[in-house]
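Welcome! Let's walk through this chain together, asking at each step how a label is earned.

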Amino acid sequence: MLTRRQANAGLLASATAATVPALAAAQEVKAITLPTPRNDGGQSLLTALKLRRSTREYSDHKLPPQVLSDLLWAAFGINRPSGDRTAPYWRHIMVIDVYAAMDNGVWLYEPKTHMLLPHLADDIRAATGLQDFVGTAALNLVYVAHGERMSDVSPEDRRLYASVDTGFIGQNVYLFCASEGLASVFRAAIDYARLNRLTRLPEQQFVTFAQTAGYPRG
Ligand SMILES: Cc1cc2nc3c(=O)[nH]c(=O)nc-3n(C[C@H](O)[C@H](O)[C@H](O)COP(=O)(O)O)c2cc1C
């Protein structure tokens, strides 16, 4: 009999195989191997907490690959040999995927290999929220829940647990950004129907929230 961890790993592998390569192949875009994350250093936790805030004015400067790598690792990277993550998650079932919407397309963060897998070639940043700054900020994270992995709970509970999982990731991003002098804002002001459609997610997957990150303006 499979343990929960094995079942979860199997689900992940099949979901990735079923969705990402098809889109990637169509676009002939290569996956990006991120630099090894620097998982030490930065400001103290208490300093980061003191600096944490939501920011809604961004420059259009891109994030250097190392900073992007560190940010994604902080968000929901693997921090133990068990494969577990920097954020806790519901029932030890991996429900949330982190997508990075940037000027060069939409990428799925793959924490095991620490890669960005191509998902869409389009720049959909402006569609990740209803506020103007999202269209020009370097990075908009789009958090996506696998509803099909939560099949034994009601639709309301799926959204609840997926939202809680996302909130922990969002706070990791806030604290990383505070520590690095970056700006961030977690967001629900989204045209969900449009974003779900544009991201071409498989049935039962749905966007929970988005989060902008980048250099502050000025
Ligand atoms: C669930 C949730 C949804 C949010 N949605 C938005 C949003 O769509 N746009 C926005 O500018 N800020 C959004 N925020 C950020 C809050 O407005 C912000 O955290 C709050 O005003 C407190 O400010 P602070 O984060 O600077 O402490 C959201 C925060 C949460 C927790």
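Q: What makes β3 and β4 a hairpin, and which residue in the turn has a positive phi?
A: In this predicted model, β3 and β4 form a hairpin with 4 residues between them. The residue to look for in the turn is H114, whose phi is positive, at about 55°.

Q: How do you know that β3 and β4 pair?
A: Two strands pair if DSSP finds at least two bridges between them. Strand β3, residues 105-110, and β4 have 5 bridges, so the pairing rule is met. The sense of this pairing is antiparallel. One of the bridge partners is easy to find: E110 is matched with M115 in β4.

Q: How do you know that strand β1 and β4 pair?
A: The requirement is at least two bridges. Strand β1, residues 32-33, and β4 are joined over 2 bridges in the antiparallel sense, so they qualify as a pair. Here T33 has M115 in β4 as its bridge partner.

Q: Why is β4 called mostly covered?
A: A residue is buried when its relative accessible area is under 20%. In strand β4, residues 115-120, 6 of 6 residues are buried. For the chain, with its 218 residues, 50% count as buried.

Q: Why is H146 called buried?
A: The relative accessibility of H146 is 2%. The cut-off is under 20%, so H146 counts as buried. You will find H146 in strand β5, which spans residues 139-146.

Q: What makes the meeting of the H146 and E148 side chains a polar contact?
A: The two side chains come to 2.7 Å. A polar contact needs a pair of N or O atoms within 3.5 Å, one able to donate a hydrogen and the other to accept it. The H146 and E148 side chains make such a contact.

Q: Why is S163 called partly exposed?
A: S163 has a relative accessible area of 23%. Partly exposed lies between the buried cut-off, under 20%, and the exposed one, over 50%, so S163 belongs in between. S163 sits in helix α4, residues 155-180.

Q: How far apart are S163 and V144 in sequence and in space?
A: They are 19 residues apart in sequence, and their C-alpha atoms are 9.8 Å apart in space.

Q: How many helices and strands are in the chain?
A: The chain has 5 helices and 7 strands. Read from the N terminus, their order is α-β-α-α-β-β-β-β-α-β-α-β.

Note on methods. Residues are numbered from 1 along each chain as its sequence is written. This is a predicted model: local features need pLDDT of at least 70, side-chain atom pairs count only at pLDDT 80 or more; totals for chains, interfaces and linings use all residues. Side-chain values use heavy atoms; hydrogens and water are left out. Buried means under 20% relative accessible area, exposed over 50%, partly exposed in between (1.4 Å probe, protein chains only).
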